[in-house]
Amino acid sequence: MVKLMVADNHPIVTKGLELVFANSRDIKFVASVADGEAIFDALKQYTTDILLCEIDLPKLNGISVLRRIKKENPEVKVIIYSAQQEEVYAVSAIKAGADGYVNKSTDLLTLKDAIMKVYLGGLYISPNLSRKIALDKNSGKSNYYKKLSTREVEVLKLLSNGRRNKEIAEELQINEKTVSTYRARLMKKLNVTNLIDLVNQAKSLDL
């Protein structure tokens, strides 16, 4: 039986998933946490096969969780479960070490299939995204996505959420000068000259 932990700061999501899997023969809901830091305390208490993790978590975002969990708990597989735009975040999450990406609009049967596929050693991304990658469409947005590294997407997300350089540095465990370097790269790649335009560009890309 798959032992599942859920990390999400919305109680309706965690409680809903707990109820969904309450009578499952294949998946056992072992715990839920509401922020990124709490994941690592919970993993010490509960044997976990798969972590279903939101990207936008307090204290430690989902991408940072991925990097840390691969170092500290490499036996735990991670599926990012988020409402964020799949075209941007799925590829970045996989690059950062995720074993799957499931959008929150996905039906429960597909979610269960994704969990079982990852548990059995597979990698899960939606058929829709698989087709988009295969077709390699060259739309404006796609070009932007391809330009940005995983870390740049992460920094841009935090900037668009109103975080200051110092706060970003602390969360990502990098120095403030490095954050400034990423910020400068983002401005160049997205062809803007100030932070306001950079944030607006992020919003136009649904980041």
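The protein chain here folds into 11 helices and 5 strands, and keep in mind that this is a predicted model. Of its 207 residues, 48% are buried. Here's a quick tour, from the sheet outwards to a couple of odd loop residues.

**The sheet**

- The 5 strands line up as one open sheet, in the order β2-β1-β3-β4-β5, and the pairing is parallel.
- β2 (27–33) and β5 (100–103) sit at the edges with a single partner strand each, so one side of each has no neighbour in the sheet.
- Going from strand to neighbouring strand, the average turn is 25°, ignoring direction.
- For one pairing in detail, look at β1 (residues 2–7) and β3 (residues 50–53), which run in the parallel sense and share 4 bridges.
- If you want a spot to zoom in on, A7 has C53 in β3 as its bridge partner.

**Helices on the sheet**

- Helix α1 (residues 11–20) lies across β1, β2, β3 and β4 (77–82), and its direction is at about 160° to β2.
- Helix α2 (residues 36–45) also packs on the sheet, where it touches β1, β2 and β3; the angle between α2 and β1 is about 155°.

**A helix pair: α3 and α4**

- Packed helices in general are described by the angle and the distance between their axes.
- For α3 (residues 62–72) and α4 (residues 86–96), the axes come within 9 Å and cross at roughly 20°.
- Angles under 35 degrees count as roughly parallel, so α3 is roughly parallel to α4.
- The α3 and α4 crossing is right-handed.
- At the contact, α3 brings I63, L66 and R67, while α4 brings S92, A93 and A96.

**Two loop residues with positive phi**

- Most residues other than glycine have a negative phi.
- K59 isn't a glycine, yet its phi is positive, at about 70°.
- You'll find K59 in the loop between β3 and α3, and it counts as exposed because its relative accessibility is 58%, with the cut-off set at over 50%.
- Q173 is another non-glycine residue with a positive phi, near 60°.
- Q173 belongs to the loop between α9 (165–172) and α10 (176–189), and with 72% relative accessibility it counts as exposed too.

**Whole-chain numbers**

- The protein chain exposes about 10,600 Å², and carbon and sulfur atoms supply 50% of that area.
- Take the contacts between residues at least 6 apart in sequence: 64% of them join residues at least 24 apart.

Conventions
Residues numbered from 1 in each chain as written. Predicted model: local features only at pLDDT ≥ 70, side-chain atom pairs only at ≥ 80, totals over all residues. Heavy atoms only, no water. Pairing = 2+ DSSP bridges. Helix = DSSP H or I, 4+ residues; strand = E, 2+ residues; numbered from the N terminus. Axes fitted to C-alpha atoms, helices over the stretch in contact; angles between N-to-C directions. Contact = heavy atoms within 4.5 Å. Buried < 20%, exposed > 50% of the residue type's maximum accessible area, 1.4 Å probe, protein only. Areas by Shrake-Rupley, 256 points an atom, 1.4 Å probe, with all protein chains shown as cover. Parallel < 35°, antiparallel > 145°, perpendicular 65-115°, else oblique. Left-handed = near helix turned anticlockwise from the far one by under 90°.
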